[in-house]
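Work through the exercises below with the sequence and the coordinates at hand, and try each task before reading its solution.

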Amino acid sequence: TISSPYRNYCGNIFDTIPKSQPYYLDGNEARDYLARSGLPFDDLAKIWQLSDIDLDGKLSQDEFCVSLFLIHARLANRPLPVTLPDSIIKSYKKQLMLEGHVEDLKQFGDDCFQSGDYNGAEKYYDLAIQKSLIQVASCYRHKASVNYAQNKVDEAINDCTTALTYEVKYAKAYLQRSICHLHLGNFKDAQEDINKAQEFD
């Protein structure tokens with residue numbers, strides 16, 4: 001099992017590696033970094049095969065963590081497993097459900113569907129939808145901040161309201177909208193939004 005402190009250690013390393021995509025290492029980037037271990041090519045190829053859990057040709061932070069875990073095991077003269085232990089797979093999927101990106105969640109939904117696991121497919125698709133909506137809501141809330149900074153207060157209110165149609169419990173959107181209402185002197189509306197922000201914070 002990969003411990004939380006080790007996962008954090010790997011995450012710190014992952015953040016320092018230059019990437020062409022913010023959340024992933026592509027094949028060349030991962031290869032260049034993993035090759036620093038000095039392990040033979042056959043070992044590195046096997047580690048890549050085991051680490052690319054969703055078979056998308058790149059490594060997410062959690063997959064990178066698995067690759068480092070395997071590298072350190074091999075450097076300690078422990079043999080590489082034929083397949084990843086169930087404990088690591090379950091830990092990866094649990095972490096994915098908490099922090100995963102939409103495309104990863106969708107890929108797991110696709111895999112479950114193709115294997116006939118319809119309950120699993122539905123679960124991962126629902127998570128992907130939920131995370132998509134939260135991301136859209138966040139974009140509208142940030143857009144509201146931009147409009148407010150330009151004194152486009154009515155537009156900022158509309159942006160916050162749109163954000164809340166995607167995520168009804170979005171405390172930051174209520175708080176942002178309350179600031180806009182205060183700016184316009186709509187004190188009753190501002191207080192209602194503050195109450196909502198406190199309720200969902």
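**Exercise 1: the two sides of a helix**

The buried residues of helix α10 are Ala190, Asp193 and Ala197, where buried means under 20% relative accessible area, exposed over 50% and partly exposed in between (1.4 Å probe, protein chains only). The model is a predicted one, in which local features need pLDDT of at least 70, side-chain atom pairs count only at pLDDT 80 or more, and totals for chains, interfaces and linings use all residues. Residues are numbered from 1 along each chain as its sequence is written, and side-chain values use heavy atoms, with hydrogens and water left out.

Task: explain why the buried residues lie on the same side of α10, and state what they pack against.

Solution. The buried residues cover an arc of only 65 degrees around the axis, taken from the directions from the helix axis to the C-beta atoms, which puts them on the same side of α10. On the other side of α10, Lys188, Gln198 and Glu199 are exposed. The buried residues pack against α9 (171-184), with contact meaning heavy atoms within 4.5 Å. Helices are DSSP runs (H or I, at least four residues), numbered from the N terminus.

**Exercise 2: a cysteine without a disulfide**

Task: decide how many disulfides there are, and find the cysteine sulfur nearest to that of cysteine 160.

Solution. Taking a disulfide as a pair of cysteine sulfur atoms within 2.5 Å, the count comes to zero. Cysteine 160 is in no disulfide, since the nearest cysteine sulfur, that of cysteine 180, is 5.2 Å away. Cysteine 160 counts as buried, at 0% relative accessibility.

Terms used. Helix = DSSP H or I, 4+ residues; strand = E, 2+ residues; numbered from the N terminus.
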